[in-house]
Amino acid sequence: MLRSRIIGCGAYLPEKVLTNDDLAKTVDTSNDWIVGRTGITQRHIAADGQLTSDLALAAAERAVSAAGISVDELDLLILATSTPDNTFPATAAKVQARLGMHQGAAFDVQAVCAGFICALSVADKFLLSGQAKKALIIGAETYSRILDWNDRTTCVLFGDGAGAAVLSAENSVENGAERGILAVKLHSDGRHYDALYVDGGVSSSQTSGHLRMQGKEVYRHAVVNLAAVAGEAMEAAGLAPSDIDWLVPHQANLRIMNAIARRLDLPPEKMVVTVDRHANTSSASIPLALVEAIEDGRIKSGDVVLMEAIGGGFVWGSAVARW
Ligand code: UT7
């Protein structure tokens, strides 16, 4: 059976690191509060003039190289971001040109922190329908540009970064089991628009605005919705929690991640954690975590990987893949 298989991943983090102690010099917070409430110790911040497209391109080049393919083989590029370079064109168009990809289609998806799962879902459908054969999906963000650096309830939580994956339409079986994306489930509920949003925009204020969040409200929905949608994805793939080798969650808050793992009956050692060093990089957080776990040898061929994410909207989703 034809499946979309992830054949290579790449990531990029800006050089500059901002620690909790650095932040405590400019805003009324402390390392103890941030670590205790979120597990975050530091985050990466894009340099002046370094754009979302720069981060995306670096991650994309690494993913293409890890996949061992030529850029000429790509016929789809989907970039998930809520911090695009410009209002239009899509940041994907700039990345496509700089990558040297002169064929196929390139566009952005905007699903905030769930962007990577949404991009994965769209690419999967393109590949399964035959409309594309090899897709590059990217999650890239420069949240440092939309944070209110005087608001301690949000500015300590986010960081910049990018991650990418190449998907290929294949019939690949290992030890009798099909490899590739086994199931994807997506949901959204726009009644929660105001719980996590940016208070600016082209149509509303002609400014880019700042991120605003009702943290407790988001927390509550995150735990319940993510555990539920991950359960749906496992069920659709015909898998039980005991079949999952790695949980790669959206990295927003270690407490949320642990609560979901408990609800899913997955031991903490099966969860890939990068939030401590990356903070919440929105659409980039899952591919950044994937790259770390692939490169250090945790995720191996044949492993079953469960991913889940929620973002402003709310929009949330989960995907299961056999590597
Ligand atoms: O990608 C998806 C998007 N985001 C999320 O998933 C985030 C979801 N929410 C959360 O992770 C948590 O709600 C937070 C980490 C944002 C906050 O944790 P909390 O346990 O819900 O804390 P809280 O908002 O109830 O705040 C507790 C106290 C408050 O003080 P009072 O009112 O009790 O005196 C806050 O003003 O902590 C205070 N506080 C801080 N203190 C020091 C809030 N932020 C800070 C801070 N440093 N940075």
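## A tour around the ligand

Select R152 and the ligand to begin: a backbone N or O atom of R152 sits 2.9 Å from one of the ligand's nitrogen atoms. Keep in mind as you click around that this is a predicted model.

Now add G215 to your selection. One of its polar backbone atoms is 3.0 Å from a nitrogen atom of the ligand. Next, pick N280, and this time show the side chain: an N or O atom there lies 2.9 Å from an oxygen atom of the ligand. How much of the ligand does the protein bury? On its own the ligand would expose 950 Å², and the protein buries 75% of that.

Switch on a surface view, if your viewer has one. The pocket that holds the ligand is the second largest.

Time to bring up everything around the ligand. You should get 23 residues, and the closest are T29, R37, K216, H250 and N253. Try colouring this shell by class: 11 of its residues are nonpolar, 7 are polar and 5 are charged.

Which helices supply at least two residues each to that shell? Select α2 (31–38), α6 (152–155), α7 (215–236) and α8 (254–263), and you have them. Give α7 its own colour, since the largest share of the shell, 4 residues, comes from this helix.

Zoom out and colour residues 3–172 as domain 1 and 177–322 as domain 2. Both domains give residues to the shell, so the ligand lies between them.

Leave the ligand for a moment and go to N175. You'll find this residue in the loop between β8 (173–174) and β9 (177–178). What is phi here? The angle is near 50°, a positive value in a residue other than glycine.

Two peptide bonds make good last stops. Select F88 and P89 and look at the bond joining them: this one is cis, with omega about 0°. P89 belongs to the loop that runs between β4 (76–80) and α4 (91–99).

Then jump to G313 and F314, where you'll meet another cis peptide bond, with omega about -10°. F314 is in the loop between β14 (304–311) and β15 (315–322). Show both strands along with the loop, and your tour is done.

Key
Residues are numbered from 1 along each chain as its sequence is written. This is a predicted model: local features need pLDDT of at least 70, side-chain atom pairs count only at pLDDT 80 or more; totals for chains, interfaces and linings use all residues. Side-chain values use heavy atoms; hydrogens and water are left out. A residue is near a molecule or strand if one of its heavy atoms lies within 4 Å of it. A polar contact is a pair of N or O atoms within 3.5 Å; within protein, one must be able to donate a hydrogen and the other to accept it, and residues adjacent in sequence count only if both atoms are side-chain atoms. Accessible areas come from the Shrake-Rupley method with a 1.4 Å probe; for residues, only the protein chains shown count as cover. On a 1 Å grid over the protein atoms alone, a cavity is a set of points where a 1.4 Å probe fits but cannot get out, and a pocket is an open set with protein on both sides within 12 Å along at least five of seven lines; lining residues have an atom within 4 Å of a point. A molecule sits in a cavity or pocket if more than half of its atoms lie within 2 Å of its grid points. Ala, Val, Leu, Ile, Met, Phe, Trp, Tyr, Cys and Pro count as nonpolar, Asp, Glu, Lys and Arg as charged, and the others, Gly among them, as polar. Domain bounds come from an automatic or database domain assignment.
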